[in-house]
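Hi there,

Here is the structure I promised to pass on to you. Have a look at it first, and then read on for what turned up.

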Amino acid sequence: MSARVHRRAMTGGSDEPVLRVENLRAYYTSKRGLVHAVEDVSFDVKRGECVGLFGESGAGKTSIALAIMGIFDRVSRYYASASGNEENKRLWELRDEAKKKGLTSRDMGVELPGVEGHIWFEGKDLLALDEEEYRKIRGDRITYVPQGTKLSMNPYMTIGFQTAEPLWAHDEDNQLTERIVLRRVLEVLDLVELGDADLRRFQKPGQFSVGEDQRVLIAMALVTLPTLMIADEPTTAVDVGVRRRILDAIEMAREELGLSMILISNDQGVIAETSDRVAVMSAGRIMEYGPAERVLKRPGHPFTRAFIMSNPTMEVIRKIREKGLVLRGIPGSPPDMTDPPNGCPFHPRCEFATELCKAEIPEYREVERGYWVFCHRYEELPEW
Ligand SMILES: Nc1ncnc2c1ncn2[C@@H]1O[C@H](COP(=O)(O)OP(=O)(O)OP(=O)(O)O)[C@@H](O)[C@H]1O
Ligand code: SF4
Ligand SMILES: [Mg+2]
């Protein structure tokens with residue numbers, strides 16, 4: 001790598017969270033009622049740390065990213081208005097009214113769509129910001145590499161132009177010159193190892209492979225030197241070699257920029273390789289959350305165990321054999337989030353479920369320092 005990106009001055013101790021999500025919930029409207037996509041989720045990301053959001057499809061991982069980026073309500077409302085459903089329209093009007101008055105669903109006595117809870121970022125509660133204030137943070141201090149590259153790039157614009165865009169968009173004080181912007185664009189394209197960046201910046205997305213597109217998207221998310229980058233399934237649908245280069249690009253960016261990250265994936269290998277801490281998700285909730293080594297090697301939650309076994313690594317297969325356990329995946333399908341089960345949402349699929357699990361929602365509790373579990377029976381479960 002030739003160019004070195006000049007990182008922003010880092011402030012605060014390394015243990016200080018840059019992001020703290022507290023009791024986050026996010027509901028979509030749909031034809032069949034409210035989709036409980038995110039339910040009472042709490043976690044934090046420390047400076048320079050990568051937190052992996054790991055879990056099954058439909059668990060609510062992307063919805064958390066959209067909530068942090070401050071675009072969840074807009075996305076959900078867009079689909080609601082396109083469907084022309086009157087009841088959903090009314091619910092969104094009620095949400096607007098609640099927001100104006102600073103009220104929650106509970107205050108209004110009705111379940112409302114949209115995001116509630118707190119998202120603390122560098123001392124500010126993002127959910128209390130108005131759109132103008134949010135706009136200054138979104139795409140600048142917090143950036144997002146969306147799931148799927150195709151819809152995220154403009155096929156008619158050169159990648160040099162698109163990579164520069166976030167810089168111009170956040171140049172509030174007109175400090176930037178063409179020269180400064182070009183230098184930064186080349187630095188980040190170089191950082192993600194797009195060879196011959198000086199020439200290739202004139203190319204359009206159609207002239208790149210899927211893996212290159214993905215690395216350009218990462219460069220776009222790095223160009224403002226953000227504090228936090230959220231990468232949503234950055235290695236889906238690519239082969240092993242391409243995956244390697246994407247992960248290397250991410251690692252390089254973390255090292256060079258002291259970046260904090262949320263990495264979303266349902267691939268255990270990717271999570272193990274990148275994440276310092278892991279939050280395992282199912283049915284809109286965090287099932288367990290703690291150091292990656294603890295969560296992936298000695299999972300304490302029945303969901304994590306079953307999820308890991310449903311796509312086991314060689315190491316997991318060896319361990320299962322050694323312990324004389326039975327290799328079983330997750331029976332049945334994820335719950336319908338318009339009508340989530342009572343009690344623990346995993347109970348219909350859990351081999352350890354009891355009457356208590358069917359009736360009462362478990363507490364999300366810190367069972368060891370820095371290690372949280374959402375299960376009534378954590379202490380009674382067999383060792384893994
Ligand atoms: N625009 C939408 N309107 C209504 N429901 C939605 C919308 N987008 C997602 N959902 C639903 O919200 C829930 C959470 O979806 P989300 O996309 O956050 O899951 P995910 O964990 O990112 O899944 P994947 O691994 O497949 O990307 C799912 O039940 C999904 O069907
Ligand atoms: S609370 Fe009960 S149903 Fe839920 S994961 Fe724990 S044992 Fe299984
Ligand atoms: Mg997703």
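To get you started: how do the residues of the shell around ligand 2 divide into nonpolar, polar and charged? The split is 9 nonpolar, 3 polar and 1 charged. Before going further, keep in mind that this is a predicted model, so please read everything below with that in mind.

Let's stay with ligand 2 for a moment. It has 13 residues around it, and the closest are Cys-344, Cys-350, Cys-357, Cys-375 and His-376. As for where to find it, ligand 2 sits in the largest cavity.

Now for the other ligand. Ligand 1 sits in the largest pocket, with 15 residues surrounding it. Try picking out the closest ones on your screen: Ser-57, Gly-58, Lys-61, Thr-62 and Ser-63. By class, this shell holds 5 nonpolar, 7 polar and 3 charged residues.

Which parts of the fold do these residues come from? Strand 2 (35–46) and helix 1 (61–68) each give at least two residues to the shell around ligand 1. Helix 1 has the largest share, with 3 residues.

A few polar contacts are worth finding too:

- Ser-57: an N or O atom in its side chain is 2.5 Å from an oxygen atom of ligand 1.
- Gln-147: here as well the side chain is involved, with an N or O atom 2.9 Å from an oxygen atom of ligand 1.
- Gly-60: this one uses the backbone, where an N or O atom lies 3.0 Å from an oxygen atom of ligand 1.

How much of ligand 1 does the protein bury? On its own, ligand 1 exposes 640 Å², and the protein buries 72% of that.

Finally, zoom out to the whole chain. You should be able to trace 15 helices and 12 strands. The radius of gyration is 22 Å, close to the 21 Å that the globule rule gives for 384 residues, so the chain is as compact as a globular protein of that length. Along the principal axes, its C-alpha atoms fill a box of roughly 65 × 55 × 40 Å.

Happy exploring!

Methods. Residues numbered from 1 in each chain as written. Chains lettered and ligands numbered in written order. Predicted model: local features only at pLDDT ≥ 70, side-chain atom pairs only at ≥ 80, totals over all residues. Heavy atoms only, no water. Near = heavy atom within 4 Å. Polar contact = N/O pair within 3.5 Å; in protein donor to acceptor, adjacent residues only side chain to side chain. Areas by Shrake-Rupley, 256 points an atom, 1.4 Å probe, with all protein chains shown as cover. 1 Å grid on protein atoms, 1.4 Å probe; cavity = no way out; pocket = protein on both sides within 12 Å on 5 of 7 lines; lining within 4 Å. Sits in = over half its atoms within 2 Å of the grid points. Helix = DSSP H or I, 4+ residues; strand = E, 2+ residues; numbered from the N terminus. Nonpolar A, V, L, I, M, F, W, Y, C, P; charged D, E, K, R; others polar. Rg over C-alpha atoms; globule rule 2.2 N^0.38 Å.
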